[in-house]
Amino acid sequence: MPESQLSFDNPVDRYPKVRPPEKQVEEPGRDSELDPPADHGETSYVGSGRLSGRKAVVTGGDSGIGAAAAIAFAREGADVAIVYLPAEEEDAQHVAGLIRDAGRTAVTIAGDISDRAFCDEVVARALDGLGGIDILVNNAGKQIYCKDLTELPDDQFDLTMKTNVYAMFWLTKAALPHLAAGATTINTTSVQAYLPGEVLVDYATTKAAINAFTKALAGQLAPKGIRVNAVAPGPIWTPLQPSAGQPPEKLPDFGSQTAIGRAGQPAELAPAYVFLASPESSYVIGETLAVTGGMPTP
Ligand code: NAD
Ligand code: MG
């Protein structure tokens, strides 16, 4: 078995501080264009059969945190369907290639999850391509900063709600009849649920909603043996940030407010998703696992 290239060195220095230029790219950003590039565990994540034979759906699995989770899931033995916007085909094909390199099946599903009918289609195509669903990761998200509520367009508010909250509801509802005991769903929330930024009113609102949805549904599904949990990332270097996720002038200092003093990399999130998806976490239910570089959460 290949050895992990991770070392036990100081986590502060595991990655350099990112100092992105004050440059805004068009939404959705691409991993392939991220400056500096991010780490998704391509050369470091080593699986140990923790998800052997499982079938996973990861929304936003083309890039960032979702890509890191998808790569780790495949190396842990899972077949993976990734869902993404059509503009992200290049990133998606790259991640699908890494899933196949791990010897697993990759299914690529391009479309817009803010459309209810597409969410039903995602579940149907994942069932078709994977032969079942055991793990659903609702990770896709929309984050567009706005400094003044009076200038926050209604359609942006609506689309942020649809993408971050409604799609989670629609996808979970469609998948549920196909989930057996032992299945898990994992929702990506954010430290923004607890420490909402003044320029992210709509986004932060969705992240608090995701936490409540997670805990309520966890109680409903636990007796059936289906576990629902969430991961709350802190500032992670992904295409979401330079594609209007932050005011550009904030980018050079991105992540410096954390206790560890740097932004996280997507690779540092993957183990949280693997843990919550694996049967090792059988008694972890309705939990929001914070991966925030030390930013305090309740
Ligand atoms: P990312 O841009 O790599 O991933 C977001 C993905 O969402 C995109 O790749 C895209 O495929 C998908 N998406 C957005 N709108 C969609 C739509 N309408 N239909 C289909 N797919 C759509 O960035 P990321 O930071 O890895 O984001 C993943 C999740 O992590 C998001 O939920 C985000 O809110 C959350 N998060 C990120 C950070 C951070 O600092 N990067 C912090 C906390 C939470
Ligand atoms: Mg993307």
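Here is a short chat between a biologist and a modeller about a predicted model.

Biologist: Let's start with the helix pair α1 and α7: at roughly what angle do their axes cross?

Modeller: We're talking about residues 64-75 for α1 and residues 270-277 for α7. The two axes come within 8 Å of each other, and the crossing angle is roughly 55°.

Biologist: Are α1 and α7 parallel, antiparallel, perpendicular or oblique to each other?

Modeller: Take that crossing angle of roughly 55°. Under 35 degrees would count as roughly parallel, and roughly perpendicular runs from 65 to 115. The handedness of the crossing is right-handed. With that angle, α1 and α7 are therefore oblique.

Biologist: Which residues of α7 does α1 meet, and how do the contact residues divide into nonpolar, polar and charged?

Modeller: From α1 you get I65, A68, A69, A72 and F73, and they meet A270, Y273, V274 and A277 in α7. Sorted by type, the residues of this contact come out with no charged, no polar and 9 nonpolar.

Biologist: Over to α5: how far apart are its end C-alpha atoms, and what span should its residues give?

Modeller: Helix α5 covers residues 201-221, so that's 21 residues at 1.5 Å a residue. The span should be 30 Å, and the end C-alpha atoms agree with that, sitting apart by 30 Å.

Biologist: What covers the buried residues of α5?

Modeller: The buried set includes D202, Y203, K207, N211 and L221. I210, T214, L217 and A218 are also among the buried residues. Their cover includes α4 (154-175), β5 (184-188), β6 (227-233) and β7 (288-291).

Biologist: Is A244 buried or exposed?

Modeller: A244 lies in helix α6, residues 241-245. Buried means under 20% relative accessible area. A244 has 16% relative accessibility, so this residue counts as buried.

Biologist: Which residues does A244 touch, leaving out those up to four places away in sequence?

Modeller: For contact, heavy atoms have to be within 4.5 Å. On that basis A244 touches Q24, V25, Q143, I144 and Y145.

Biologist: What is the phi of A244?

Modeller: Most residues other than glycine have a negative phi. A244 isn't glycine, yet its phi is positive, near 75°.

Biologist: Where are the cis peptide bonds of P28 and P36, and what are their omega values?

Modeller: Most peptide bonds are trans. P28 is in the segment before β1 (55-59), and P36 lies in the segment before β1 too. The cis bond joining E27 and P28 has omega of about -5°, while the cis bond from D35 to P36 has omega near 0°.

Conventions. Residues numbered from 1 in each chain as written. Chains lettered and ligands numbered in written order. Predicted model: local features only at pLDDT ≥ 70, side-chain atom pairs only at ≥ 80, totals over all residues. Heavy atoms only, no water. Axes fitted to C-alpha atoms, helices over the stretch in contact; angles between N-to-C directions. Helix = DSSP H or I, 4+ residues; strand = E, 2+ residues; numbered from the N terminus. Parallel < 35°, antiparallel > 145°, perpendicular 65-115°, else oblique. Left-handed = near helix turned anticlockwise from the far one by under 90°. Nonpolar A, V, L, I, M, F, W, Y, C, P; charged D, E, K, R; others polar. Expected span 1.5 Å × (residues − 1). Buried < 20%, exposed > 50% of the residue type's maximum accessible area, 1.4 Å probe, protein only.
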